[in-house]
Amino acid sequence: MNHSQEPGWSTWFRICAPPASRGLHFPGSPAWKAWPRDTGSRNAESGCTANAMAAWAERLAGVRGVLLDISGVLYDSGAGGGTAIAGSVEAVARLKRSPLKVRFCTNESQKSRRELVGLLQRLGFDISEEEVTAPAPATCQILKERGLRPHLLVHDGVRSEFDDIDKSNPNCVVIADAGESFSYENMNRAFRVLMELENPVLISLGKGRYYKETSGLMLDVGGYMKALEYACGIEAEVVGKPSPEFFKSALQAIEVEAHQAVMIGDDIVGDVGGAQQCGIAALQVRTGKFRPSDEHHPEVKADGYVDNLAEAVDLLLQHMDK
């Protein structure tokens, strides 16, 4: 029987459900059958699930703010700008209509914040630049505060973010997802800048391994960052997820404490692990870069797994203030 087509089964809860199943999966809890949320007797029949359900419902009831990843949660980038993930436009609109505070948190480093927001608006999202925490503007602030003059190994699309930064006589390297600009020549130039410095500083806009476009998975900045770390014998400073400072700045922007927030993302390490290190609950969506193996990650376990953003919003709004 296909329960997903039954009336009244709009949002299901599953504990220890297989990755292909629909609904929320609570790690580390006993297995139970998939019953609709409004069926008390069947919940009782499943045995030892009530405590887990009650604990998660209590946590969701205390949520005051939502941190949303963008790529892989709202949309998949690609040719022509990309496509919105099914249900995500309305899901964001529903959050905006609720009392919950919303902050968009992205490691996007191939587009300026203005370009990214413009793209999302064209896809139908209710979003403004002021609502987005992104690594490039945060990096510019760090450069100014520390008197750093960067050699940029970045994508042309994000270079405009650094227009007001002094780049003469570089005393650091800033690396981002440079795409086709990750040539041997450009990597070697960045390597030489670092090796000529007495105290080399490498700043990386995120450290993701890969991300998803409409055409498939794409190598991210993390591998190139690691190459420079290894070659120069240094450790990069990461601006963006999973850096604790990045999450803290997002929380400050919406004036919400860590225990009052939930992060929704597709990256088990950057989104989920980074948020949890700051005391923020985290849901992983099964869209974007999600892989079934994420649910068995050796170090990071999401607080819950949902099929998509729409389902996550269903859960949040269902339990809000209860």
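Is Asp69 buried or exposed, and what is its relative accessible area? In this predicted model, Asp69 is buried, with a relative accessible area of 5%; the close-up views below begin with this residue and then turn to other parts of the chain.

**View 1. The surroundings of Asp69, a buried residue in a loop.** Asp69 lies in the loop that runs between strand E3 and strand E4, the latter spanning residues 75-76. Its side chain and that of Lys241 are joined by a polar contact of 2.7 Å. Leaving aside residues up to four places away in sequence, Asp69 touches Leu74, Cys105, Thr106, Lys241, Met263, Ile264, Gly265, Asp266 and Asp271.

**View 2. The cis peptide bond between Lys241 and Pro242.** Lys241, whose side chain makes the polar contact with that of Asp69, is followed by a peptide bond to Pro242 that is cis, with omega near 10°. Pro242 itself belongs to the loop between strand E13 and helix H8.

**View 3. An open sheet of four parallel strands.** The strands are arranged in the order E8-E9-E10-E13, and their pairing is parallel. Strand E8 (150-153) and strand E13 (237-239) are the edge strands, each of which pairs on one side only, and the twist from one strand to the next averages 25°. Between E8 and strand E9 (residues 172-175), which run parallel, there are four bridges, and in this part of the sheet Leu152 stands opposite Val174 of E9.

**View 4. Two helices, H5 and H6, that pack on the sheet.** Helix H5, made up of residues 135-146, touches E8, E9, strand E10 (202-205) and E13, and its direction makes about 160° with that of E10. Helix H6, made up of residues 184-195, packs on the sheet as well, where it touches E8, E9 and E10, and its direction makes about 160° with that of E8.

**View 5. The buried and exposed faces of helix H8.** Within helix H8, which covers residues 244-254, the residues Phe246, Phe247, Ala250, Leu251 and Ile254 are buried. Because these residues cover an arc of only 135° around the axis, they lie on the same side of H8. The face turned away from this buried side carries Glu245 and Gln252, both of which are exposed. The elements that cover the buried residues of H8 include strand E3 (65-68), strand E6 (101-105), strand E7 (132-133), strand E14 (261-265) and helix H9 (268-277), together with H5, the helix that also packs on the sheet of View 3.

**View 6. Asn169 and Glu255, two loop residues with positive phi.** Asn169 is found in the loop between E8 and E9, where its phi is near 45°, a positive value in a residue other than glycine. Asn169 is exposed, with a relative accessible area of 59%. Glu255, which comes just after H8 and is found in the loop between H8 and E14, has a positive phi of about 55° although it is not a glycine. At 67% relative accessibility, Glu255 counts as exposed, since the cut-off for that class is over 50%.

How values were computed
Residues are numbered from 1 along each chain as its sequence is written. This is a predicted model: local features need pLDDT of at least 70, side-chain atom pairs count only at pLDDT 80 or more; totals for chains, interfaces and linings use all residues. Side-chain values use heavy atoms; hydrogens and water are left out. Two strands pair if DSSP finds at least two bridges between them. Axes are lines fitted to C-alpha atoms, for helices over the stretch in contact, and angles run from 0 to 180 degrees between N-to-C directions. Contact means heavy atoms within 4.5 Å. Buried means under 20% relative accessible area, exposed over 50%, partly exposed in between (1.4 Å probe, protein chains only). The arc is that of the directions from the helix axis to the C-beta atoms. A polar contact is a pair of N or O atoms within 3.5 Å; within protein, one must be able to donate a hydrogen and the other to accept it, and residues adjacent in sequence count only if both atoms are side-chain atoms.
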